[in-house]
Amino acid sequence: MTITSKQTIDAQHIADHNSPLSRSLESDYQALGERLARDGTDIEQLTAQASTFSVALPSWGLGTGGTRFARFPGQGEPRNIYEKVADCAVVQHLGRATPSVSLHIPWDTPSDPSELLAYTNDLGLSFDAMNSNTFQDQKDQAHSYKYGSLAHSESAMREQAVAHNIEVIELGKKLGSKALTVWVGDGSNFPGQQHFANAFSRYLDCTAEIYSAMPDDWSMLLEHKIFEPAFYSTVIQDWGSSYLAATQTGERCKCLVDLGHHAPNVNIEMIVSRLSQFGKLGGFHFNDSKYGDDDLDSGSINPYQLFLVFNELVDIQNTNSSFSPFYMLDQSHNVTDPIESLIYSAAEVQRSFVKALLVNRQKLSGYQQGNDAMMAQATLKSAYNLDVEPILQMARMRSGGAIDPIQSYRASGYREVCAAQRPVDASRSGSGIV
Ligand SMILES: [Mn+2]
């Protein structure tokens with residue numbers, strides 16, 4: 001039995017699993033170190049930087065997701081926020097890149113915040129940005145969000161939505177959070193249904209009210225989305241609307257970019273650059289997609305795009321040391337074990353970060369200045385094409401994580417123990433959920 005009473009992976013299990021793998025890792029690491037040294041790059045410095053990288057886990061990402069058609073629940077799914085945090089701890093203890101949890105309210109509202117905070121800290125985790133929800137109705141809610149929330153035509157709905165966001169801030173203060181992420185489903189399904197400017201004005205008024213309720217050291221993150229649940233127009237549709245809203249609202253109100261919330265083929269890395277150039281890039285939600293807002297695992301479809309996004313983020317970091325956006329995985333795990341997907345995805349995001357660190361920016365700048373398109377793109381590709389897996393493995397092992405976290409997780413028997421301790425909740429097994 002490798003599960004402790006706190007339902008996590010035993011450190012000894014990880015060490016035992018690492019043991020037979022460490023020799024080949026040392027050898028691979030040395031070979032990569034020699035390869036990098038030829039270009040004047042110190043592998044130890046890269047490994048240290050890889051170790052500092054972190055991305056938050058979404059509290060809703062630990063259960064099995066679904067489409068609008070169906071959801072097929074997995075075994076041993078977490079049934080409450082404590083079990084979700086316990087699963088987050090497993091992801092972190094094995095992968096060592098995900099030390100915080102981003103809570104969704106009211107899906108994961110704790111009855112006793114201080115007890116949840118103590119439990120979470122005890123597992124070595126903290127809380128990241130808080131997420132409000134005014135895109136669906138809750139039981140016994142006075143007013144419906146069917147036709148919107150912060151941009152609703154009626155003041156009663158707007159007031160209710162503002163009050164909810166302020167409650168989320170108050171809860172977040174008790175949990176040590178420093179940011180509120182606001183995404184609204186407001187929009188319209190038919191031309192003429194909604195007056196674009198009036199709806200945006202109502203949204204801005206409400207956002208200002210929420211902003212004024214935030215502590216001085218908090219950030220407000222506005223997440224835009226091109227479509228869904230509204231199909232014709234959304235109030236915060238694109239990065240332009242998001243930038244206008246963030247600028248209007250205040251200095252600590254910034255834009256959050258979710259990889260899946262754009263029209264097909266949009267140049268997301270350029271959006272990253274534009275927003276940061278004007279001090280308005282506040283956060284990022286990582287996932288991947290083939291067709292729309294698919295919420296597939298990060299790097300599973302277009303890893304080069306993920307690299308190009310990090311190429312911009314590293315470039316920004318190099319010129320602005322205070323740049324520290326809120327990073328979170330925002331994925332729906334429909335056919336995989338969510339713990340495995342989150343471990344793997346966090347490593348994919350971390351991999352893109354490390355590869356972006358390898359870009360020879362001096363050379364790139366020279367090629368850009370000289371309009372050498374071929375060599376400029378080849379400079380990016382040479383960083384992208386390098387296999388940095390030994391760096392990720394070494395960073396994990398040195399911080400107590402697993403060299404091969406997925407296999408270590410499978411060998412631990414954690415899911416089997418959860419399956420026995422957490423019977424399937426029949427009420428959550430039928431319809432799909434986004
Ligand atoms: Mn998102």
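Which residue just after α8 takes a positive phi? In this predicted model, that residue is Gly250, whose phi is about 160 degrees. The points below deal with the sheet, with strand β5 inside it, and with the helices that pack on it, α8 being treated at most length.

**The sheet**
- Six strands form an open sheet in the order β4-β5-β7-β9-β10-β11, and their pairing is parallel.
- The edge positions are taken by β4 and β11 (326-329), each of which has a single partner strand, so that one side of each is left without a neighbour in the sheet.

**Strand β5 and its partners**
- In a regular strand the side chains alternate between the two faces of the sheet.
- In β5 (residues 179-182), Ala179 and Thr181 point one way while Leu180 and Val182 point the other way, and all of these residues are buried.
- Strand β4 (residues 130-131) runs parallel to β5 and is joined to it by 2 bridges; Asn131 stands opposite Thr181, and Met130 has Leu180 as its bridge partner.
- Between β4 and β5 the chain passes through helix α6 (residues 155-175), and the resulting β-α-β crossover is right-handed.
- Strand β7 is likewise parallel to β5, with 4 bridges joining the two, and in this pairing Leu222 of β7 stands opposite Val182.

**Helix α8: its buried face**
- The buried residues of helix α8, which spans residues 239-249, are Trp239, Ser242, Tyr243, Ala245, Ala246 and Thr249.
- Viewed down the axis of α8, these buried residues fall within an arc of 165 degrees, and they therefore line one face of the helix.
- An α-helix has 3.6 residues a turn, so residues three or four places apart point the same way.
- The elements against which the buried residues of α8 pack are α7 (196-212), β7 (219-223), β9 (253-258) and α9 (268-277).

**Helices packed on the sheet**
- Helix α8 packs on the sheet by touching β7 and β9, and its direction makes about 160 degrees with that of β9.
- Helix α9 also packs on the sheet, where it touches β9 and β10 (281-286), and the direction of α9 makes about 170 degrees with that of β9.

Key. Residues numbered from 1 in each chain as written. Predicted model: local features only at pLDDT ≥ 70, side-chain atom pairs only at ≥ 80, totals over all residues. Buried ≥ 20, exposed ≤ 12 C-beta atoms within 10 Å, placed from the backbone. Arc of directions from axis to C-beta. Contact = placed C-beta atoms within 7 Å. Pairing = 2+ DSSP bridges. Right-handed = clockwise from strand over helix to strand, strands pointing away. Axes fitted to C-alpha atoms, helices over the stretch in contact; angles between N-to-C directions.
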